[in-house]
Amino acid sequence: MPAQGNDRSLLEGVDNIVVRIKCVLERQTHTMSTKKEYAALGTYIAQRRFEAGIDTQAELARRIGTSQQTVSRWEAGASRPPTGQIGTLSAALGADADEL
């Protein structure tokens, strides 16, 4: 009978490993989809900036009260504008806030 106890412990250990692997895969999938969303938003911001006649990231940054580096990160898809800045950004770009 002791072998059954060892088998049970082994199965519990395998179950724990499987659960951990699933968690890692879910985080990676979420991160990948988030990166794609950020990249798409960055492309959209850059496109709208050019359409609005704003030639540089620095000029957009000046208009909305942020840094050129921040605008660069948005356009590169490395980050996204904070919710509180969407209204100002959409006004500067002549875009619908819902699109951002």
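What pattern does the chain follow when it is read along the sequence? In this predicted model, the order of elements is α-α-α-α, and the chain accordingly holds four helices and zero strands. Buried residues account for 27% of the 100 residues in the chain, and the paragraphs below look at where some of them lie.

Helix α2, which spans residues 57-64, is a suitable place to begin, with Gln57, Leu60, Ala61 and Ile64 as its buried residues. When one looks down the axis of α2, these buried residues fall within an arc of 100°, and they therefore line one face of the helix. The general geometry of such elements helps in reading this arrangement, because an α-helix has 3.6 residues a turn and residues three or four places apart consequently point the same way. After α2 comes Gly65, a residue whose phi is positive, near 75°.

Helix α3, made up of residues 68-76, can be read in a similar manner, with Thr70, Val71, Trp74 and Glu75 buried. Viewed down the axis of α3, the buried residues fall within an arc of 135°, so that they too line one face of their helix. Just after α3, Gly77 adopts a positive phi of about 80°, and a glycine with positive phi, Gly65, likewise follows α2.

The packing of helices comes next. Two packed helices are described by the angle between their axes and by the distance between those axes. For α2 and helix α4, the latter covering residues 86-93, the packing angle is about 125° and the axes are 9 Å apart. Angles from 65 to 115 degrees would count as roughly perpendicular and those over 145 as roughly antiparallel, and α2 and α4 are therefore oblique to each other. The crossing that α2 and α4 make is right-handed.

Within α4 lies Ala92, a residue whose relative accessibility is 19% and which therefore counts as buried, the cut-off being under 20%. Ala92 also leads to another part of the chain, for Ala92 and Arg49 are 43 residues apart in sequence, while their C-alpha atoms are 8.3 Å apart in space.

What does the charged end of Arg49 sit over? The charged end of Arg49 is placed over the ring of Phe50, at 4.5 Å from the centre of that ring. As for contacts between aromatic rings themselves, the structure holds zero aromatic pairs.

Technical notes: Residues numbered from 1 in each chain as written. Predicted model: local features only at pLDDT ≥ 70, side-chain atom pairs only at ≥ 80, totals over all residues. Heavy atoms only, no water. Phe/Tyr/Trp six-rings, centres within 6.5 Å; stacked < 30°, edge-to-face > 60°. Lys NZ or Arg CZ within 6 Å of the ring centre and 35° of its normal. Buried < 20%, exposed > 50% of the residue type's maximum accessible area, 1.4 Å probe, protein only. Helix = DSSP H or I, 4+ residues; strand = E, 2+ residues; numbered from the N terminus. Arc of directions from axis to C-beta. Axes fitted to C-alpha atoms, helices over the stretch in contact; angles between N-to-C directions. Parallel < 35°, antiparallel > 145°, perpendicular 65-115°, else oblique. Left-handed = near helix turned anticlockwise from the far one by under 90°.
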